[in-house]
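The following paragraphs walk through selected parts of one protein model. Please keep the sequence and the coordinates at hand while reading.

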Amino acid sequence: MADTTGSEMKSGSFMLEKFAKIFVAGHRGLVGSAIVRKLQDQGFTNLVLRTHSELDLTSQSDVESFFASEKPVYVILAAAKVGGIHANNTYPADFIGVNLQIQTNVIHSAYKNDVKKLLFLGSSCIYPKFAPQPIPESALLTGPLEPTNEWYAIAKIAGIKMCQAYRLQHQWDAISGMPTNLYGQNDNFHPENSHVLPALMRRFHEAKANNADEVVVWGSGSPLREFLHVDDLADACVFLMDQYSGFEHVNVGSGVEVTIKELAELVKEVVGFKGKLVWDCTKPDGTPRKLMDNSKLASLGWTPKISLKDGLSQTYEWYLENVVQQKQ
Ligand SMILES: NC(=O)C1=CN([C@@H]2O[C@H](COP(=O)(O)OP(=O)(O)OC[C@H]3O[C@@H](n4cnc5c(N)ncnc54)[C@H](OP(=O)(O)O)[C@@H]3O)[C@@H](O)[C@H]2O)C=CC1
Ligand SMILES: C[C@H]1O[C@H](OP(=O)(O)OP(=O)(O)OC[C@H]2O[C@@H](n3cnc4c(=O)[nH]c(N)nc43)[C@H](O)[C@@H]2O)[C@@H](O)[C@@H](O)C1=O
């Protein structure tokens, strides 16, 4: 049994292993696609990718066969059942069940098949609803969770603990990153099941196109959220694969928070909608605030680069070219 929780366990020089086989699970999603772009930009040439229909990660036997035949050297786990406040609240069984299955299958088969290092991705919703702000990594499991996403949060906490348990028992290099709320190209723009930023971008765009007078925004507008562009997150994931090998999970945020009202005004401006906002207070606000303490990652040497304003403009351009034009 390994002795210490914080012990470093360097498993190789990730940045130098440009030909090593890397499995990016969930490569067509918001996060997975950004990680693939980042790895390719940095010269990694041997990526193993499977769509959901090619490999259902909830199938233990299929995941085991895949690992046994492909033998990836590194794994970045960006496949999960993901959604915004409404989806989390409406499909609790899927959010706990599918996520527990995916992460258990991938983590165990990766370990069994001699993967050198695995990065698991959780989310800032793992922390207690009323955690101290900004939220340090040490706030994990110190209080009750936000009810709208506790099922997803419990699965994510189990993922962190699984990485820690395999590290302790098997001295295996599994690490966890906890991203804040993300956005960018390849996001999910579903009207109900998406996160707030893509939901509002689509709603403002459609209101502008239809000359509507108003747009409905959920909740009171007072909750605070921290947003990070997914290209920054991808950069942080590659950085962690190369530089971090510790027991504790690592927060990945931008350090910048806005109220939902401020976010709505920003998206409205970027899209160019001229009407008014109407607040639907029958919809849940969720957690009041979840600004992460990003000092651990900063002390390792990583900071984000993309401002919310630039990231929003870039995302809207992508949305126009790839979602709106594809429909026409
Ligand atoms: N988006 C955000 O704001 C945040 C995301 N995260 C974390 O980042 C990670 C990625 O999230 P994100 O990119 O936003 O999610 P997406 O929904 O954009 O992508 C998830 C990916 O997982 C794949 N997937 C889902 N179920 C299965 C399955 N059973 N078998 C194989 N593949 C599957 C999806 O494929 P398909 O679409 O074909 O089903 C998709 O490619 C998750 O762990 C999430 O918890 C953390 C914090 C915030
Ligand atoms: C990343 C994180 O994301 C989820 O948590 P969340 O931060 O609460 O996510 P959200 O983006 O859906 O909402 C943020 C805020 O925005 C408000 N809001 C306004 N109008 C819309 C709207 O139209 N859609 C949505 N979804 N929210 C809206 C909404 O009422 C809430 O106050 C977790 O379930 C979990 O997935 C997780 O880990």
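In this predicted model, strands S6 and S8 pair in the parallel sense, over three bridges. Within this pairing, Asn 181 stands opposite Phe 227 in S8. The two strands belong to an open sheet of three strands, ordered S6-S8-S10, whose pairing is mixed. S6 and S10 are the edge strands, each pairing on one side only. From one strand to the next the twist averages 45°.

The strands of this sheet also meet a helix. The buried residues of H10 pack against strand S6 (181–183), strand S8 (224–229) and strand S10 (257–259), as well as helix H6 (196–209) and helix H8 (260–271). H10 itself covers residues 308–327, 20 residues in total. From its first C-alpha to its last, H10 reaches 27 Å, close to the 28 Å expected at 1.5 Å a residue. H10 nevertheless has a kink of about 35°, centred on Tyr 319. Tyr 319 is among the buried residues of H10, which also include Leu 308, Gly 311, Leu 312, Thr 315, Tyr 316, Trp 318, Val 323 and Val 324.

Next come the nonpolar cores. The largest has 39 residues, of which Phe 23, Leu 57, Phe 67, Val 106, Leu 118 and Tyr 127 touch the most other members. At least two residues of this core come from each of strand S1 (22–25), helix H2 (60–70), strand S3 (74–77), helix H4 (92–112), strand S4 (117–121), helix H5 (150–170) and strand S5 (173–179). H5 gives the most, with seven residues. A second, separate core has 34 residues, including Phe 14, Ile 35, Leu 228 and Leu 297.

Tyr 127, a member of the largest core, can be followed further through its contacts. Neighbours within four places in sequence aside, Tyr 127 is in contact with Ile 135, Pro 136, Glu 137, Ala 139, Leu 140, Leu 145, Met 178, His 249, Asn 251 and Met 292.

Met 178 also leads to another residue: leaving out residues up to four places away in sequence, Ser 123 touches Met 178, Tyr 152 and Pro 179. Ser 123 is found in the loop between S4 and H5. Is this loop residue, Ser 123, buried or exposed? Ser 123 counts as buried because its relative accessible area is 11%, and buried means under 20%.

Note on methods
Residues numbered from 1 in each chain as written. Chains lettered and ligands numbered in written order. Predicted model: local features only at pLDDT ≥ 70, side-chain atom pairs only at ≥ 80, totals over all residues. Heavy atoms only, no water. Helix = DSSP H or I, 4+ residues; strand = E, 2+ residues; numbered from the N terminus. Expected span 1.5 Å × (residues − 1). Bend = angle between axes of the 7 residues up to and from the residue. Buried < 20%, exposed > 50% of the residue type's maximum accessible area, 1.4 Å probe, protein only. Contact = heavy atoms within 4.5 Å. Pairing = 2+ DSSP bridges. Axes fitted to C-alpha atoms, helices over the stretch in contact; angles between N-to-C directions. Core = buried A, V, L, I, M, F, W, Y, C linked by side-chain atoms within 4.5 Å.
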